[in-house]
Amino acid sequence: MRCPAARPSPPPLLWLIAAVALGIAELVVPGVFLVFLAVAAAIMGGLTLLFPDLPLAGQLLGFAGWSAVAVLIGRRWYQDFPVESADPLLNDRVARLVGEVVTVVEPVSDHGGRVRVGDGEWSARGPDAPAGARVRITGATGATLCVEPLPTLPQN
């Protein structure tokens with residue numbers, strides 16, 4: 001009886017190609033995650049060069065382990081050295097609205113009302129303000145804007 005031929009493990013070049021492909025994918029669709037998998041694939045490429053008889057199961061297990069290590073190191077790095085944004089309020093629409101002067105569409109009171117923001121309308125609460133009045137956004141509670149009346153200018 002003949003023994004079945006052992007399946008050859010993937011050559012180290014495949015791990016290195018995977019590392020380059022993952023690195024390119026990170027550049028094309030940035031998400032700061034595929035880069036860690038690319039690092040793990042590169043490490044596995046290097047390890048399979050050193051240990052060519054490493055079975056596929058061991059390579060996959062090593063890739064999973066190095067991926068976890070790379071993610072943990074990357075996470076720690078970004079906590080210690082956060083990336084500064086040119087526009088820190090980019091994804092915080094409500095925070096971007098604070099300070100804006102808007103027009104009351106439906107009378108505002110402590111129980112509610114509506115204001116026009118740009119080309120849309122938002123729920124608003126604050127001191128009494130009639131329709132047509134101009135108010136300033138001071139913050140938000142959930143999706144409801146908090147507003148205050150504009151100070152009146154003294155008459156000469």
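**Exercise 1. Why are R76 and D80, 4 residues apart in helix α3, separated by about one helical turn, and what links their side chains?**

*Solution.* The model examined here is predicted.

Step 1. Consider the geometry of a helix in general. An α-helix has 3.6 residues a turn, so residues three or four places apart point the same way.

Step 2. Apply this to the pair. R76 and D80 lie 4 residues apart in helix α3, and therefore about one helical turn separates them.

Step 3. Identify the link. R76 and D80 form a salt bridge, in which the closest N and O atoms are 3.1 Å apart.

Step 4. Classify the partners by accessibility. R76 counts as exposed because its relative accessibility of 52% is over the 50% limit. D80, at 43%, counts as partly exposed.

**Exercise 2. Determine how the salt bridges of R114, R116 and E121 are connected**.

*Solution.* Step 1. Note the total: the structure holds 3 salt bridges.

Step 2. Examine E121. Its side chain meets that of R114 in a salt bridge of 3.3 Å, N to O. The side chains of E121 and R116 also meet in a salt bridge, again with 3.3 Å from N to O.

Step 3. Combine the two. Salt bridges that share partners join R114, R116 and E121 into one network.

Step 4. Add the accessibility. R114 is partly exposed at 25%, E121 is partly exposed at 34%, and R116 is partly exposed at 38%.

**Exercise 3. Describe the aromatic pairs found in the whole structure**.

*Solution.* Step 1. The search of the whole structure finds 2 aromatic pairs.

Step 2. W15 and F63 form a tilted pair, with 5.3 Å centre to centre and 35° between the planes. This pair links distant parts of the chain: W15 belongs to helix α1 (residues 12-28) and F63 to helix α3 (residues 56-80), 48 residues apart. W15 is buried, because its relative accessible area of 10% is under 20%.

Step 3. W77 and F81 form a tilted pair as well, with centres 4.5 Å apart and planes at 40°. F81 is partly exposed, at 48% relative accessibility.

**Exercise 4. Characterise helix α2 by its span, its buried residues and its share in a surface patch**.

*Solution.* Step 1. Helix α2 covers residues 34-50, which is 17 residues. From first C-alpha to last, α2 reaches 24 Å, close to the 24 Å expected at 1.5 Å a residue.

Step 2. The buried residues of α2 include F36, L37, A40 and M44. Among the elements that cover the buried residues are α1 and α3.

Step 3. One contact with α3 can be traced through S67, which lies in that helix. S67 touches L37 and A40, not counting residues up to four places away in sequence. S67 is itself buried, with a relative accessible area of 9%.

Step 4. Turn to the surface. V32, V35, V39, W77, Y78, F81 and V83 make a nonpolar surface patch of about 660 Å². Helices α2 and α3 each supply at least two residues of this patch. V35, located in α2, is partly exposed at 34% relative accessibility.

**Exercise 5. Which residues does V101 touch, not counting residues up to four places away in sequence?**

*Solution.* Step 1. Locate V101: its place is in strand β1 (residues 101-109).

Step 2. List the contacts. Under the stated restriction, V101 touches R134, V135, R136 and L150.

Step 3. Compare sequence with space for one of these. V101 and R136 are 35 residues apart in sequence and 4.4 Å apart in space, C-alpha to C-alpha.

Step 4. State the accessibility: V101 is partly exposed, with a relative accessible area of 30%.

Terms used
Residues numbered from 1 in each chain as written. Predicted model: local features only at pLDDT ≥ 70, side-chain atom pairs only at ≥ 80, totals over all residues. Heavy atoms only, no water. Phe/Tyr/Trp six-rings, centres within 6.5 Å; stacked < 30°, edge-to-face > 60°. Buried < 20%, exposed > 50% of the residue type's maximum accessible area, 1.4 Å probe, protein only. Expected span 1.5 Å × (residues − 1). Contact = heavy atoms within 4.5 Å. Patch = residues over 30% accessible without salt bridge, like charges linked within 9 Å, V, L, I, M, F, W, Y side chains within 5 Å. Areas by Shrake-Rupley, 256 points an atom, 1.4 Å probe, with all protein chains shown as cover.
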